[in-house]
Amino acid sequence: MVREALATLLGLEDDIEVVAQVARGDEVVAAVREHAPDVALLDIEMPGMTGIEAAAHLRTACPEVKVVIVTTFGRPGYLRRAMESGAEAFLVKDAPAAQLAEAVRQVLQGHRVIDPTLAAAALAEGPDPLTPREREVLNAAADGSVNADIARRLRLSEGTVRNYLSTAIQKTGARNRTEAVRIAREKGWL
């Protein structure tokens with residue numbers, strides 16, 4: 001519903017044409033290849049593949065396409081990861097439609113557009129302290145899995161899983177893995 005509303009609002013702009021819509025992140029690259037848009041608008045939370053993952057795949061598969069991330073989740077960690085994945089713009093969904101249309105125009109001119117409140121929060125927050133592997137192990141622990149299950153799933157030893165979780169707990173300032181997952185999600189690191 002939100003996707004269709006955004007498409008309708010952008011379609012009302014004289015200089016913007018919406019050429020395709022997909023509901024899943026893992027459908028983005030195929031749709032871009034088929035419809036050849038200048039800009040792809042992606043949500044952070046998409047089934048099949050996150051918008052951040054889809055942006056990274058687009059960067060490799062279709063580097064000429066500009067990426068604008070729109071999200072409900074205005075978290076500094078998401079902003080940082082979106083920019084690292086190759087997105088040119090990052091806006092929250094509650095921004096006015098005119099601001100979204102202007103962001104599309106700006107990225108087409110080669111500019112980056114970042115929600116100013118999020119930019120300030122990201123700078124104040126600092127970088128994500130977790131390594132990719134710590135994020136992967138912490139994410140695997142999010143469903144309550146025990147170390148042995150996580151180790152099997154990620155093809156690691158139980159001791160290695162324990163070490164990664166311990167480090168992630170320390171870096172997030174949490175008391176346990178459940179709290180570490182919650183903190184990392186709140187900050188947009190997971």
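**Exercise 1.** Find the bridge partner of Ala89 in strand 4, then work out how strand 3 sits among its neighbours.

*Solution.* Start with the pair itself: Ala89 is matched with Val113 in strand 4. Strands here are DSSP runs (E, at least two residues) and helices are runs too (H or I, at least four), numbered from the N terminus. A quick word on what you're looking at: this is a predicted model, where local features need pLDDT of at least 70, side-chain atom pairs count only at pLDDT 80 or more, and totals for chains, interfaces and linings use all residues. Residues are numbered from 1 along each chain as its sequence is written, and side-chain values use heavy atoms, with hydrogens and water left out.

Next, count the links. Strand 3 and strand 4 (residues 113-114) run parallel and are joined by two bridges; two strands pair if DSSP finds at least two bridges between them. On to strand 2 (residues 66-71): four bridges tie it to strand 3, again in parallel. Here Ile69 stands opposite Phe90 of strand 3.

**Exercise 2.** Which way do the residues of strand 3 point, and are they buried or exposed?

*Solution.* Split strand 3 (residues 89-92) into two sets: Ala89 and Leu91 point one way, Phe90 and Val92 the other, and all are buried. Buried means under 20% relative accessible area, exposed over 50%, and partly exposed in between (1.4 Å probe, protein chains only).

**Exercise 3.** Describe the surroundings of Ser85, just ahead of strand 3.

*Solution.* First, place it: Ser85 is in the loop between helix 4 (76-84) and strand 3. Second, check the accessibility: Ser85 counts as buried because its value is 10%. Third, list its contacts (heavy atoms within 4.5 Å): leaving out residues up to four places away in sequence, Ser85 touches Ile52, Ala55, Ala56 and Arg59. Finally, the side chain of Ser85 reaches the backbone oxygen of Ala82 at 2.7 Å.

**Exercise 4.** What is the sign of phi in Ala36, and what is it in Arg155?

*Solution.* Begin with the background: most residues other than glycine have a negative phi. Now look at Ala36: its phi is positive, about 50°, although it is not a glycine. Ala36 sits in the loop between helix 2 (28-35) and strand 1 (39-43), and it counts as exposed because its relative accessibility is 59%.

Then try Arg155. Its phi is positive as well, near 55°. You'll find Arg155 in the loop between helix 8 (147-154) and helix 9 (158-172), and at 75% relative accessibility Arg155 counts as exposed.

Methods: A polar contact is a pair of N or O atoms within 3.5 Å; within protein, one must be able to donate a hydrogen and the other to accept it, and residues adjacent in sequence count only if both atoms are side-chain atoms.
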